[in-house]
Amino acid sequence: MTNPIQIAIDGPAAAGKSTIAKIVAEQLGYTYIDTGAMYRAITLKALNEGINMASNEEAGELLLRTEIDLQPTEAGQLVFLDNEDVTEAIRTQHVTKAVSEMAAHSLVRERMVELQRQLAEGRGVVMDGRDIGTHVLPEAALKVYMSATVEERARRRYDDNKNRGIDTPLAELQAEIATRDKMDSERESSPLRQSDDAIFLDTTNLSIQEAADKIMQLAKERLK
Ligand code: CDP
Ligand code: CDP
């Protein structure tokens, strides 16, 4: 059997990264790792404790007494914050709006990247995030930078929310996504950007299946 490879999928919010990464991981029998969940988990704790998100020191102190764990299961990835299952709790708009400020702290990023590399060690993984190809797994055999227009991405999140019984106005979602894209791209510490060796995939007019097929084809070429 060929040795398993690492697949890095980066890009802005609602480009389709996690949906497609999960399909690809399942087809290859690899572990799917959603790194955004880690930044969301520490943000949830910061919000619950009312810590000052702008302070690198407060974020660092919070990290010292926080345990974050991702557990891949048959039913998908579970996220634990201090041994409590927060898989659902980290998806609220409240957390989504605050996460980019928390994720900009270099101390937070260093700790998360360490955990992400541990999770990927010695196994086939499909990891999605913002800095996977550029920083977390620079040696990944396949790097994809996935994007779509901001209008399409907001529409997708609108549908996601609606399916979960949440009615957020489309314009509010588009503004939130645009703000997050800007903050993630302009931060100093490992910003969102396409790695020089990544393949660009515009999913605006692709179905989920078409996008997954494209990545599977690229993965198979690297597994030969
Ligand atoms: O699912 P969605 O695209 O809305 O976001 P996510 O992947 O859960 O990531 C939430 C936030 O975490 C992003 O907007 C980034 O601020 C941060 N993040 C990051 O900085 N680096 C990563 N590798 C993953 C996420
Ligand atoms: O992980 P990321 O934030 O990049 O996006 P996602 O949560 O995987 O995708 C956001 C939504 O767009 C999901 O409901 C997907 O089913 C949908 N999607 C789509 O309609 N068409 C695609 N080509 C990719 C994703």
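**Exercise 1. Find the bridge partner of Phe 80 in S5, then place S5 in its sheet.**

Step 1. In this predicted model, Phe 80 has Asp 85 of S5 as its bridge partner. Strands (E, at least two residues) and helices (H or I, at least four) are DSSP runs, numbered from the N terminus.

Step 2. S4 and S5 run antiparallel and are joined by two bridges. Two strands pair if DSSP finds at least two bridges between them.

Step 3. The open sheet has three strands in the order S3-S4-S5, with antiparallel pairing. Strand S3 (68-73) and S5 are its edge strands, each pairing on one side only.

A note on conventions: residues are numbered from 1 along each chain as its sequence is written, while chains are lettered from A and ligands numbered from 1 in the order in which they are written. Local features need pLDDT of at least 70 and side-chain atom pairs count only at pLDDT 80 or more, whereas totals for chains, interfaces and linings use all residues.

**Exercise 2. State the phi values of Ala 14 and Asn 83, and decide for each whether the residue is buried or exposed.**

Step 1. Most residues other than glycine have a negative phi. Ala 14 has a positive phi, near 65°, and Asn 83 has a positive phi near 70°.

Step 2. Ala 14 sits in the loop between strand S1 (6-10) and H1. The loop that holds Asn 83 lies between strand S4 (76-81) and strand S5 (84-85).

Step 3. Count C-beta atoms, placed from the backbone, within 10 Å of the residue's own: 20 or more others means buried, 12 or fewer exposed, and in between partly exposed. Ala 14 is buried because it has 24 others within 10 Å. Asn 83 has 7, so it is exposed.

**Exercise 3. Describe the shells around ligand 1 and ligand 2.**

Step 1. A residue is near a molecule if its C-beta atom, placed from the backbone, lies within 6 Å of it. Ligand 1 is surrounded by 15 residues, the closest being Ala 13, Gly 36, Tyr 39, Ala 103 and Gly 129. At least two shell residues come from each of helix H2 (36-49), helix H4 (93-103) and helix H8 (170-186).

Step 2. Ligand 2 also has 15 residues around it, with Gly 16, Lys 17, Ser 18, Thr 19 and Arg 156 closest. Helix H1 (17-28), helix H7 (150-163) and helix H9 (208-223) each give two or more residues to this shell. H1 gives the most, with three.

**Exercise 4. Which residues touch the most other members of the largest nonpolar core, and what is in contact with Ala 41?**

Step 1. A nonpolar core is a set of buried Ala, Val, Leu, Ile, Met, Phe, Trp, Tyr and Cys residues joined through C-beta atoms within 7 Å. Among the 58 residues of the largest core, Ile 7, Val 24, Ala 41, Ile 42, Val 126 and Met 127 touch the most other members. H2 supplies the largest share, seven residues.

Step 2. Two residues are in contact if their C-beta atoms, placed from the backbone, lie within 7 Å. Leaving aside neighbours within four places in sequence, Ala 41 is in contact with Ile 68, Val 79, Leu 81, Val 86 and Ile 90.

**Exercise 5. Locate Leu 223 and classify its exposure.**

Step 1. Leu 223 is found in helix H9.

Step 2. With 15 other C-beta atoms within 10 Å, Leu 223 is partly exposed.

Step 3. Neighbours within four places in sequence aside, Leu 223 is in contact with Thr 2 and Ile 5.
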